[in-house]
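Work through these short exercises with the sequence and the model at hand. Try each task before you read its solution.

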Amino acid sequence: MNNNKLIKCYGCKAEIKNMDGPKHAYIGSDSGCWDVFCGVLAKEYTEYNELWQTHRLTVDTYAAQHPGNPGRREIQSVFIHLTRLYLQIERGLDGKRANAAMLNISRFKSQYVWLDPVPDFTGTININDVAMARDISEHKHFVELWAKSVWQAWSRHHETIKYFVEHNKIMQPVRREFVHGK
Ligand SMILES: [Zn+2]
């Protein structure tokens, strides 16, 4: 295989190295893209030493930009990550509270659906853009732009996600936590 040749990731359409390597079991990315993503995660864990400022948003955005094919795990993954993007982008929850709101989400799993059609992410911000950040403030800025870009690409399905969150009162445990000041 020619490792110098760039190809387009079949998920996010980023230009990536054509390489053999590990891939996630159901997040639909090519190995070259997954490799860049793992580098970004490594920076979050070590250099930036932060778990809650952007990490949740990074993972949700990456998964939402790589929906893969409609199988059971993919349906669940895409629906959950998009729901958490909604909570963070449209409802202003930080990563920690968005995470807390989702802890018991599996009781609603019968409502998860495959969101068809999935977007063509050509022209959206991708992991290559995020990987260019030189410090944590650039990183945070790029991740936020990327998340909004990916969320926007899913605009056809915003109403479905919004209905799921509001109808099931997903944010209620988080509101209780605010009131009791934990
Ligand atoms: Zn990709």
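**Exercise 1.** Find what share of the protein chain counts as buried.

Solution. Start with the rule: a residue is buried if 20 or more other C-beta atoms, placed from the backbone, lie within 10 Å of its own. Of the 182 residues of the protein chain, 35% pass. This is a predicted model, in which local features need pLDDT of at least 70 and side-chain atom pairs count only at pLDDT 80 or more, while totals for chains, interfaces and linings use all residues. Residues are numbered from 1 along each chain as its sequence is written.

**Exercise 2.** Decide whether helix α2 is mostly covered or not, and name what its buried residues pack against.

Solution. Helices are DSSP runs (H or I, at least four residues), numbered from the N terminus. Helix α2 covers residues 55-64. Of its 10 residues, 8 are buried, so the helix is mostly covered by the burial rule. Among them are Arg56, Leu57, Asp60 and Tyr62. The buried residues pack against α1, α3, α4, α5 and α6. Contact here needs C-beta atoms, placed from the backbone, within 7 Å.

**Exercise 3.** How are α3 and α7 oriented to each other?

Solution. Take the axes, lines fitted to C-alpha atoms over the stretch in contact; angles run from 0 to 180 degrees between N-to-C directions. The α3 and α7 axes lie 10 Å apart, at an angle of about 80 degrees. The two helices are therefore roughly perpendicular (65 to 115 degrees). Now list the contact: α3 gives Leu82, Thr83, Tyr86 and Leu87, and α7 gives Ile161, Lys162, Phe164 and Val165.

Technical notes. A residue is buried if 20 or more other C-beta atoms lie within 10 Å of its own, exposed if 12 or fewer, and partly exposed in between; C-beta atoms are placed from the backbone. Two residues are in contact if their C-beta atoms, placed from the backbone, lie within 7 Å. Angles under 35 degrees count as roughly parallel, over 145 as roughly antiparallel, 65 to 115 as roughly perpendicular and the rest as oblique.
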